[in-house]
Amino acid sequence: MHIRRAVSADAEELCSLLNEIILAGGTTALETPLTAAEFADWFINGEFPLVCHVAEHDRSLVGFQSLSVYGDPPKGYADIATFARMSPRISGAGSALFPATRAAAEELGLEFINATIRADNVGGLAYYAKMGFEPYDRLIQVPLLDGTPVDRVKKRFKVDAKPSPASPV
C-alpha cells in the first residue's frame, strides 16, 4: 500500500468512496453526500484542512485520512477523519495512513489530534483505540438528521506520545 498526500485530482474518487460510506449509514456523522468540489474544500484544499493523505492499492484509492481545524478547536488541536473504501474492502488502510498523519501533526506543531466518533461506530472506536487515542469527553445524544440521538465519543492522541505496543506506528 502506498501513502501520499492528496491532491485536487483525487477529489472525485475520494468523494465517491466517502459517499458510499455516508449512504450506507451508521458510522460517520456526515449524513448528506458531498460533491467532488465540496469534498476538495472540506478535506484537501479549503480553508480548514491542514493535510490529507490517501492510501493507494493497485492504482486505486482505498482510503484517506485528514487533519483539519474546523470550528473553534482548542489551541494545538486538530480533528482527524479516517475513511476506508467499503467495496472492495482493503484491510489495513487506516493503519497505513496514521504514521503519515502523525508525522504531519508533529511538523505542524500540534499537541493533540482529536477524534470525535459516533458511539455506535464500533469499528471506528476500536481503530482509534488501536492507534493510541484515549477517551476524554462524550457528547450526549447528538441528533442525526432524522432526530435519532447518538452519543459522540471524543478521543485524543498526544502527538509527542510514544506509540502503544499494539500500535503499528
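1. Valine 54 has phenylalanine 64 in S3 as its bridge partner. The model examined here is a predicted one. The pair belongs to the antiparallel arrangement of S2 and S3, which are joined by 8 bridges.

2. S2 (residues 49-57) and S3 (60-68) form a hairpin, with 2 residues between the two strands. In its turn, aspartate 58 adopts a positive phi of about 50 degrees.

3. The hairpin is part of a wider sheet. This sheet is open, has 7 strands with mixed pairing, and follows the order S1-S2-S3-S4-S5-S7-S6. Its edge strands are S1 (2-5) and S6 (134-143), each of which pairs on one side only. On average, neighbouring strands are turned by 25 degrees against each other, direction ignored.

4. On one side of the hairpin pairing, S1 and S2 run antiparallel, with 4 bridges between them; isoleucine 3 stands opposite alanine 55 in S2. S3 pairs with S4 as well, again in the antiparallel sense, over 6 bridges. There, serine 68 is opposite aspartate 79 in S4.

5. How many of the 9 residues of S3 are buried? The count is 8, so S3 is largely enclosed by the rest of the structure; buried here means under 20% relative accessible area.

6. Two helices lie across S3. Helix H1 (residues 11-24) lies across S2, S3 and S4 (77-84), and runs at about 85 degrees to S3. Helix H3 (residues 93-107) lies across S1, S2, S3, S4, S5 (112-118) and S7 (149-158), with an angle of about 35 degrees to S3.

Methods: Residues numbered from 1 in each chain as written. Predicted model: local features only at pLDDT ≥ 70, side-chain atom pairs only at ≥ 80, totals over all residues. Heavy atoms only, no water. Pairing = 2+ DSSP bridges. Axes fitted to C-alpha atoms, helices over the stretch in contact; angles between N-to-C directions. Contact = heavy atoms within 4.5 Å. Buried < 20%, exposed > 50% of the residue type's maximum accessible area, 1.4 Å probe, protein only.
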